[in-house]
Amino acid sequence: MLTRQAQPIPPTATTTTTANTTPPAKNTTSKKTFQGTSKNTSQGTSKGTSTSTSTSSAAKVKPGTSSPAKPAAEPKAAERQRESGEKRGAAPPPPLTEVPVFRPSLEEFHDPLVYVEAVRGQAESYGLCRVAPPQDWRPECKLKEDMRFVTQVQHIHKLGRRWGPNVLRLACIRKHLQAQGISMEDPPLIGGCELDLARFFQLINDMGGMQQVSDMKKWNKLADQLRIPKTAQDRLAKLQEAYCQYLLSYDSLDPAERIRLEREVLEEKGRLEKKRGPLEGHSDDSQQSLLQLPRCEPKNGLVNGVIRRNGLPRNLEEGAKEGKKQEKDMWLRSSRRRLFSQEKKGGRGGAEEEKEFLSDQHKCIYRGKSVSLTTFYRTARNTMNMCFNKEPGTAEVEQEYWNIVEQRECHVAVHCGKVDTKTHGSGFPVGKSETFSKHGWNLTILPNNSGSILRHLGAVPGVTIPWLNIGMVFSTSCWSRDHHRLPYIDYLHTGADCIWYCIPAEEKVKLDKVVHTLLQANGTPGLEMLENNIMISPEVLCRAGVKVHRTVQQSGQFVVCFPAAFVSKVCCGYSVSETVHFATPQWLNTGYQAAKELKCRRIERSFSMEKLLYQIAMSESKRENGVILSTMTSLLKDLRDTELRQRRDLFDAGLRSVARYCSHDNQASSESRRIQRQWLRLDPSDRRCQVCQHLCYLSMVVQESENVVFCLECVLLYVQKHKSCRGLKMMYRYDEDQINHLVSRVCGRVLEKSGAEKRRGTRGLQGPGEASTPAKRSARNRTSITVSLTRLPSSTLPKTALSSK
């Protein structure tokens with residue numbers, strides 16, 4: 001069990017707020033760039049800086065421990081301007097505004113939802129705010145070193161545009177390897193970090209070739225230039241092995257063969273783009289557009305000594321010596337033996353793999369391996385050492401990050417993890433006797449907060465069950481918003497700072513148009529394109545007129561994200577944070593519309609909005625919670641009308657086979673015990689429509705022969721297409737009388753509540769001789785409680801199918 005000592009946070013007596021802009025950034029680059037990143041200062045630009053002087057190295061932050069809390073330096077107003085924008089004559093982007101930072105006192109820091117509601121008026125227009133707890137609030141981190149989780153691998157150089165100079169060179173190597181029967185599904189790793197094969201090939205040829213490197217014993221120098229940490233185990237042996245396995249055969253080709261390979265790769269890229277959309281994000285003919293994604297062109301057409309025309313190499317190996325092949329005969333023989341052994345083991349042939357070549361180029365995030373937290377920390381430390389010579393500040397990390405995303409000259413792969421706390425444990429203390437285990441800001445307690453309506457859902461992974469975000473330098477949460485538009489709170493347990501960018505919900509329409517133009521979506525809405533893990537520089541969005549805000553979250557601080565805001569995050573080093581959703585009654589309308597949108601787009605949801613509304617109605621109507629009930633009355637009526645109308649249409653279409661499944665999820669009916677069908681044994685959270693992925697809570701239609709589930713809307717389309725209801729059976733949870741009774745009860749409570757409020761107001765305005773008598777009050781109560789609801793007409797279905805038995 002790893003623990004940490006409480007660290008001081010600058011105390012403040014009252015809540016303070018800051019909402020400033022960042023200072024102007026100097027147009028410089030970091031002293032040591034990552035691998036092949038261009039060092040030309042005319043191209044290196046700062047994408048966002050902070051006056052915070054804190055450092056963010058993974059080397060001094062161990063797993064499960066905290067870095068010392070740093071003073072929260074509040075950034076001042078500033079303007080930043082890209083040099084590339086000046087050269088094109090573009091107007092400088094608007095300043096990137098800092099989100100508000102709140103520092104509650106110990107008395108204010110009690111209930112998170114009460115506090116968030118108190119500051120919502122100041123912070124919601126930014127979409128995000130940061131909360132620094134009082135000095136004495138610093139819970140111990142309870143993470144275990146042996147905790148294992150599956151990582152995600154992120155190719156940072158492909159987050160902006162999937163295709164770049166490095167990707168082209170690597171694609172040529174991969175295509176040649178496929179022709180030789182070698183697959184490269186798992187790239188070579190040294191110290192847990194992916195080896196940049198394209199950069200490796202380039203450097204070994206700059207040194208005179210493999211034979212020259214071996215004769216002059218330059219392997220150490222080559223490893224240093226590739227920034228492979230000296231602490232990596234067997235780094236030289238693994239480097240030589242990677243060359244023999246992946247580069248030797250390609251290095252033996254003559255220049256003409258390499259040019260032919262490159263031509264074939266570009267043709268394959270063109271065919272792929274016709275099927276699945278552009279990889280570049282914009283065409284080369286739109287160079288004058290200010291909305292295009294930034295493209296950093298090499299100076300004088302030279303990139304690493306290779307002459308380029310129109311952004312493509314003219315000759316990959318001009319001036320190659322004739323005797324180069326002879327120098328590698330010994331290495332070729334060993335490579336051929338390895339190829340032969342792989343073919344004997346059943347390796348796939350080049351013709352079969354040709355069909356899949358470049359098929360994953362639209363991806364930039366891949367499934368990683370299962371690792372322990374200690375192993376992840378070591379990989380994070382090695383990655384940091386490969387990127388920077390010394391501990392970088394937040395501004396250095398941010399600048400280098402956007403250089404890599406936009407220039408795409410080097411291969412940068414980092415890892416991250418999203419871990420379910422129900423399985424692996426929370427970072428917060430949970431023991432009854434532990435300090436802060438019952439505090440309101442403990443995110444394991446927040447899902448049960450009386451102010452959050454999500455408590456009616458119970459335990460839902462990724463919604464009401466907190467999850468851990470484990471990252472390293474450059475680990476990214478790309479531009480996105482929660483599918484249900486839910487707000488959430490994130491707490492940084494330990495590690496380096498995290499940079500957050502936010503676009504308020506009110507910018508949705510403008511953002512959609514801008515992203516659609518930038519990515520050439522060809523009919524696809526821009527916001528849907530953003531869901532494909534796309535990172536666009538805040539400066540590019542600001543220049544296009546989109547409001548983008550920024551903040552730097554430090555260890556021990558909270559970030560609160562408001563509903564429907566678009567957010568992205570970049571880690572500055574090894575870090576562990578914890579996140580959980582919440583929702584107030586004001587979110588209900590937003591969530592209901594989001595659920596409709598997800599159904600139309602056929603996207604799988606985490607929970608059923610129907611279930612949430614009915615659970616709230618049944619629970620809160622007993623408590624006479626007027627605020628919640630008045631908010632959800634119109635939603636319940638709309639849900640009732642839609643449900644009963646679809647049932648009636650289905651009965652009119654000829655469906656007669658109906659049954660009622662259990663009224664409660666944990667209680668099986670006699671019919672479900674008698675007929676053990678797969679669709680009856682499913683947990684309600686798994687009863688999804690096979691067409692639109694809708695969670696069928698109120699009702700569903702099953703095809704008994706195929707064990708297929710439909711929602712009512714999709715089964716109506718199915719019946720219209722097949723002109724038959726044969727084999728279909730409707731299962732329902734509540735009949736028409738029960739649905740109408742529940743809606744009537746909610747409406748009655750709302751009217752009763754409003755009537756009581758009016759009576760209190762009337763009594764306050766009465767004169768001395770107009771006091772209300774008990775008889776008059778009783779008459780008024782009877783009048784106000786009377787509810788008139790128009791019941792929908794009865795269905796033609798037999799009464800036993802729709803009414804309570």
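**Aromatic contacts in close-up**

**View 1. Tyr115 and Trp441 in a predicted model.** Both Y115 and W441 are buried. In this structure 22 aromatic pairs are counted, and the rings of Y115 and W441 form an edge-to-face pair, because their centres are 6.4 Å apart and their planes stand at 65°. Since Y115 belongs to helix α2 (residues 112-123), whereas W441 lies in the loop between α14 (421-424) and β12 (467-471), the pair ties together parts that are 326 residues apart in sequence.

**View 2. The rings of Y377 and Y574 as an edge-to-face pair.** With ring centres 5.4 Å apart and planes at 80°, Y377 and Y574 meet edge-to-face. Distant parts of the chain are linked by this pair, as Y377 is in helix α12 (residues 373-387) and Y574 is in the loop between β18 (566-571) and β19 (575-581), 197 residues apart. Y377 counts as buried because its relative accessibility is 8%, and Y574, with a relative accessible area of 0%, is buried as well.

**View 3. An aromatic cluster that includes Y115 and W441.** The residues F109, Y115, W137, F428, F436, W441, Y491 and F558 together form one aromatic cluster, and among its members Y115 and W441 are the edge-to-face pair with planes at 65°.

**View 4. Charged side chains over aromatic rings, at W467 and at Y697.** K418 is placed over the face of W467, at 4.6 Å from the ring centre. At Y697, the charged end of R733 sits over the ring, 4.1 Å from its centre.

Note on methods: Residues are numbered from 1 along each chain as its sequence is written. This is a predicted model: local features need pLDDT of at least 70, side-chain atom pairs count only at pLDDT 80 or more; totals for chains, interfaces and linings use all residues. Side-chain values use heavy atoms; hydrogens and water are left out. Rings of Phe, Tyr and Trp (its six-membered ring) pair if their centres lie within 6.5 Å; planes under 30 degrees apart count as stacked, over 60 as edge-to-face and the rest as tilted. Helices (H or I, at least four residues) and strands (E, at least two) are DSSP runs, numbered from the N terminus. Buried means under 20% relative accessible area, exposed over 50%, partly exposed in between (1.4 Å probe, protein chains only). A charge sits over a ring if NZ of Lys or CZ of Arg is within 6 Å of the ring centre and within 35 degrees of the ring normal.
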